[in-house]
Structures are given as structure tokens and as C-alpha cells.
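Student: Could you take me on a close look at a single part of this protein? I would like one connected explanation that I can follow with the model open beside me.

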Amino acid sequence: MNDLRGIYPALPTPMRADGAVNYAGLEQLVDYEIAQGVDGLYVGGSTAESFLLTEEERMKIAETVLRRADGKVKVIVHTGAGGTDAAIRLSRHAGAHGADAISSVPPIYFKYTTEEIIGYYRDLIAASEMPLVVYNIPAFTGINMTQGGARELFKHPQVLALKHTNTNMYELERILAHNPNLVALNGYDEAFLSGLSMGANGMIGSTVNFMARKFIALRDAFNAGRNAEAFRLQREANEIIETLVEVGVFNAVKYAMELRGVDCGQCRGPFKPLTDADKKKVKAILEKNLGEALSPC
Ligand code: MN9
């Protein structure tokens with residue numbers, strides 16, 4: 001059985017100065033994360049700028065990560081796309097290259113019925129024969145998969161997990177109460193402790209990339225009942241996250257990785273690059289809360 005519990009960085013996509021994907025940088029990122037002790041890697045999600053990448057790039061990124069990780073950690077590949085056919089191609093490709101599971105946001109832009117959205121997921125599962133992690137992120141998609149008729153999907157035997165990128169912890173608790181075998185992976189890093197307390201079994205997050213050890217320590221403290229320590233770690237993480245979100249979280253995560261020695265470049269437009277003042281702020285808050293001096297500038 002696939003056990004999808006654990007702590008996963010949502011990998012950014014390293015890019016070169018000319019905007020092309022930096023596959024050598026991606027390999028370096030994979031090595032770095034595995035050395036930090038993460039349980040798995042989440043590939044091609046929001047943090048990876050998936051909707052700003054071509055299908056060909058997304059496939060090559062998945063292949064690169066799977067080859068480099070080489071079975072040392074679990075790999076979940078986000079294969080969601082605007083339409084069913086593209087999502088199926090990406091899902092089959094991920095399966096063929098050894099991914100542990102696929103994951104998808106619901107189809108976006110057009111206002112589909114719940115039946116159509118569930119049909120999209122069923123088509124992906126059937127065509128790829130892969131385990132699925134439903135990626136619920138209502139703030140981006142405008143669709144909430146943990147409400148109403150969409151909940152039916154969690155009864156499907158191939159739906160093994162939910163990526164809960166939502167701060168509604170009541171809905172998380174109810175979904176898990178109704179689906180006791182479902183794995184819930186918390187999606188907002190700033191709410192990790194809240195997610196754990198409502199039954200999440202891990203997390204997928206952008207800030208895990210540069211502070212995996214803090215989140216691993218937080219989980220371990222929570223599991224051992226050391227609640228004051230878990231809260232202190234969440235507060236330290238949140239002081240960082242507050243600044244990152246203020247300047248633009250995806251570019252800020254890439255910059256934090258540069259400070260860790262992994263050059264990820266900048267996000268594609270329309271995301272705006274960090275200013276020098278933004279970088280100074282990010283570096284200062286990281287050094288304060290990670291308790292270590294970081295490299296560049
Ligand atoms: O994948 C990320 N989700 C989004 C997870 O960015 C939409 C989170 O890690 C956030 O970046 C983070 C800051 O809000 O929690």
C-alpha cells in the first residue's frame with residue numbers, strides 16, 4: 001500500500017536568467033531536500049508555477065525529479081491541467097516514470113458542475129490507474145472539494161489523500177471523520193499545527209524547501225505531546241512566512257533557496273521579481289528565526 005503520510009516540499013522550478021527551466025538546478029534541489037530528511041517531494045504544483053509551464057516542460061521536470069530521487073523518497077506529481085486530455089497525458093506520464101501518486105486541482109476557469117468536476121477526477125484515475133491526491137485550494141480555484149457533493153470523491157478507493165490548502169479546519173476534521181483511511185496533507189504551512197491537531201498526517205508546502213527541519217521538529221514535538229515546543233516552532237515559521245507572503249511567496253521561496261546554495265532564479269511573469277529591499281527583509285527574518293547566518297549578498 002502507498003503510505004503517503006509525511007512532510008513534502010512543494011518544489012519550485014529552478015529557472016535560468018533567460019527564463020528556461022534549469023534542470024541541473026532541479027537535480028541539485030532534489031539532492032538538497034533529500035539530505036534534509038523530507039519524506040517525499042511534491043512536483044509541479046502551485047509553487048512550481050505549473051500553470052506557467054508547457055506540458056513538455058512539466059513532463060521533463062517530473063522525469064528529472066523521479067530519476068534523481070531514484071526511489072529514496074516518495075514522489076507525488078501534480079498533473080492537473082485546464083482540460084481532461086492534457087491531465088490524462090501528464091498522469092500517464094507520471095505513472096510510467098514511477099511516481100507514487102498523482103495529484104490534481106479541480107479543472108479551473110470554466111464553471112463546471114460538481115458532476116463534471118468529479119468526472120474529471122474519475123477520468124484521470126481510470127486512465128492512469130494511479131493513486132490520487134486531491135488538491136483542494138479554493139482560494140486559487142474558486143472550487144471547494146471538501147464541501148457538498150464533491151465529497152463523494154473521497155469514497156473512491158484510488159483517492160488516497162487530500163492536500164488541504166485551506167484554513168477551514170472544521171471541514172478537514174469532518175472529511176477525516178467520514179473517511180478514516182484518507183491521508184490529509186496540510187497545505188498552508190502557517191497552519192501546520194492546526195492541521196495536525198485536526199488529524200492531518202503531514203504537509204506539502206513551499207516553505208518546507210528551506211526549513212524542512214523546523215517542520216519535522218514541529219511534527220515530532222506534536223506527536224510526542226510537547227505542545228508548547230510545537231507552538232513555538234510554528235510561531236517561528238509564521239514570522240518568516242508573514243514576510244514571504246508580503247513580498248510574494250514563490251519568488252521569496254526561490255530566494256531563500258538561493259541563500260541555501262541552490263540557485264532557483266526567478267518566477268515567470270506576471271510574477272514580479274523581488275526588489276533588493278524585499279531580499280534584505282527576507283534574509284533578515286530568515287536569519288532571525290532559523291538561527292543561522294545565510295550566504296549570498
Ligand atoms: O503548496 C503552498 N500553497 C500555495 C503549498 O502557495 C498556494 C503553501 O506552502 C504556501 O505557499 C504557504 C504560504 O501561504 O503556506
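**A close look at helix 1 and some aromatic rings**

Tutor: Happy to! Let us begin with rings: Tyr109, Phe110 and Tyr112 are joined into a cluster by ring pairs. Keep in mind that this is a predicted model. In total, the structure holds 6 aromatic pairs. One of them is made by tyrosine 42 and tyrosine 135, which meet edge-to-face, with 6.1 Å from centre to centre and 90 degrees between the planes. Their pair links distant parts of the chain, since tyrosine 42 belongs to strand 2 (residues 40–43) and tyrosine 135 to strand 5 (residues 132–136), 93 residues apart. Both tyrosine 42 and tyrosine 135 are buried. Another edge-to-face pair joins phenylalanine 250 and phenylalanine 271, at 5.6 Å centre to centre and 80 degrees between the planes. Here phenylalanine 250 sits in helix 10 (residues 249–259), while phenylalanine 271 is in the loop between helix 10 and helix 11 (276–290). Are these two rings buried or partly exposed? Phenylalanine 250 counts as buried because its relative accessibility is 12%, under the 20% cut-off. Phenylalanine 271, with a relative accessible area of 38%, is partly exposed.

Now for our main stop, helix 1. This helix covers residues 23–36, which makes 14 residues, and spans 20 Å from its first C-alpha to its last, close to the 20 Å expected at 1.5 Å a residue. Its buried residues are Tyr23, Gly25, Leu26, Leu29, Val30, Tyr32, Glu33 and Gln36. Looking down the axis of helix 1, you will find these buried residues within an arc of 165 degrees, so they line one face of the helix. What covers them? Among the elements that cover the buried residues of helix 1 are strand 1 (6–9), strand 2, helix 2 (55–69), helix 8 (208–223) and helix 10. Two of those names are familiar: strand 2 holds tyrosine 42, and helix 10 holds phenylalanine 250.

Next, look at the two ends of helix 1. At the N-terminal end, asparagine 22 acts as a cap, with a side-chain oxygen 3.3 Å from the backbone nitrogen of alanine 24. Just after the helix comes glycine 37, with a positive phi of about 95 degrees.

Finally, find two lysines that meet rings you already know. The charged end of lysine 60 sits over the ring of tyrosine 23, 4.3 Å from the ring centre. Lysine 163 lies over the face of tyrosine 42, 5.6 Å from the centre of that ring.

Terms used. Residues numbered from 1 in each chain as written. Predicted model: local features only at pLDDT ≥ 70, side-chain atom pairs only at ≥ 80, totals over all residues. Heavy atoms only, no water. Phe/Tyr/Trp six-rings, centres within 6.5 Å; stacked < 30°, edge-to-face > 60°. Helix = DSSP H or I, 4+ residues; strand = E, 2+ residues; numbered from the N terminus. Buried < 20%, exposed > 50% of the residue type's maximum accessible area, 1.4 Å probe, protein only. Lys NZ or Arg CZ within 6 Å of the ring centre and 35° of its normal. Expected span 1.5 Å × (residues − 1). Arc of directions from axis to C-beta. Contact = heavy atoms within 4.5 Å. Polar contact = N/O pair within 3.5 Å; in protein donor to acceptor, adjacent residues only side chain to side chain.
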